[in-house]
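Hi there,

Here is the structure I promised to send you. Have a look around first, and then read my notes below.

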Number of protein chains: 2
Amino acid sequence: MAARGFAGLTLRAVAAELDATTGLLTHYFPTKQALVRYALDLLDQRTASRPRRHTGAGLAALRDALLDILPLTPEATDSNRIWVSSWDTALSDPDLSTDYGRKYANGRARLTERVAAAQELGELPPGDPARIAAGAQSFVLGLVVQALFDPAAFPPQRQVEMLDDYLATLSAAR
Amino acid sequence: MAARGFAGLTLRAVAAELDATTGLLTHYFPTKQALVRYALDLLDQRTASRPRRHTGAGLAALRDALLDILPLTPEATDSNRIWVSSWDTALSDPDLSTDYGRKYANGRARLTERVAAAQELGELPPGDPARIAAGAQSFVLGLVVQALFDPAAFPPQRQVEMLDDYLATLSAAR
DNA sequence: CCATTCACATAACAAGCGTTACGGCAATGT
DNA sequence: ACATTGCCGTAACGCTTGTTATGTGAATGG
């Protein structure tokens, strides 16, 4: 799956992957678009329900949430690879596109809560928490992309360092 | 081109776009991969040679470079859309993938110069300029993605505000 | 215990893909 | 003016794609 990209995702390839035939797939999904939609929802749901870090409250909780996104493990790298690859398909399909927009908005909303909590604790300076959350999401998202294209330049340790740098400047500014 | 995504980029579609046939394309490009490679290089080169902002030195120059990346105009949005869509293809092809990694490394190198210059002027606190540049690139890259999926939530003005917020926290931290 | 339904494999289909072969027409050089 | 070269349109090829139709064996239910 992660090998040939989203463009190489064919019904027969999927069928072969789970030792079945196209008959099974067409039996459960009326069309390929439905299958893709389901697969993407599954990916989203699976990454949402996987074991999360939880090392503390406030700023530490925000850091946990952001670390959970980064490709720090091979599995997380694969997930991110599929995820980034799906952007091509998503941008081509208006419905999927708005769907993605909503998912990212949800992600920002969850981050916003943690930003606000960190502000309560005085770990982050005041300011619109939604805006700070959007900035943090941007930072992590871009770091994901760069790490995928140049893993050697962005090993896990470096990613964590960069995130911590970012959070440090965020909390130092006032 | 920007309409049907990178997956829908077919020889016949390209030929139709420039009122020609597949014969012309196969005459100039031995294979489709060569055509794609050329197109991506062209996109990279074109965005590199387009008119750039130049409002000042130091931190202002860094801000200019980052603003040049963001989808603040319809044309820049189209370019970014194609660019993001191409990531699927790029991640599937190891050669293209390392090529992209190199391009981003070059981008970071250019940003690094500006970061260093801003540090010289005392507009940015000391610290490894390469790391700061990588962070800035991450931030902008992620902002591009979010803006593409949710243009309503990230209008040009908001993008600029977010970038300025980021640069402000960067320069305020010490 | 038989009839019915369901799950799925098999196979075929048209459409679209990248690629190749070929032919004509215009430019070029002598 | 004629031969030659090369640009590029036309058309075909083989292959893969998503989708559909049909068959078959197992499960289900009365």
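Let me begin at the DNA. In this predicted model, α2(A) gives the most to the surface near DNA strand C, with five residues. That surface is made up of seven polar, five nonpolar and three charged residues. Of the 15 residues around the strand, the ones that come nearest are T21(A), Y28(A), T10(B), T31(B) and K32(B). Of the strand atoms that come within 4 Å of the protein, 64% belong to sugar and phosphate.

Three contacts are nice to look up on screen. T21(A) has a polar side-chain atom 2.6 Å from a phosphate oxygen of DNA strand C, and for T10(B) the distance from a polar side-chain atom to a phosphate oxygen is 2.7 Å. With K32(B), a polar backbone atom is 2.7 Å from a phosphate oxygen of the strand.

Now for the two protein chains. Chain A and chain B each bring 44 residues to their contact. About 3600 Å² is buried between them, and carbon and sulfur atoms give 60% of that area. On the chain B side, L91(B), R131(B) and F149(B) lose the most area to chain A, together 22% of what that side buries.

There are also six salt bridges between the chains. One pair to find is R108(A) and D150(B), whose side chains meet in a salt bridge at 3.5 Å, N to O. Which helix supplies the largest share of the side of chain B that touches chain A? That is α7(B), with 14 residues. This side of chain B divides into 24 nonpolar, 11 polar and nine charged residues.

Enjoy exploring!

Technical notes:
Residues numbered from 1 in each chain as written. Chains lettered and ligands numbered in written order. Predicted model: local features only at pLDDT ≥ 70, side-chain atom pairs only at ≥ 80, totals over all residues. Heavy atoms only, no water. Near = heavy atom within 4 Å. Polar contact = N/O pair within 3.5 Å; in protein donor to acceptor, adjacent residues only side chain to side chain. Helix = DSSP H or I, 4+ residues; strand = E, 2+ residues; numbered from the N terminus. Nonpolar A, V, L, I, M, F, W, Y, C, P; charged D, E, K, R; others polar. Contact = heavy atoms within 4.5 Å. Buried area = accessible area lost by both parts, 1.4 Å probe. Salt bridge = Lys/Arg side-chain N within 4 Å of Asp/Glu carboxyl O.
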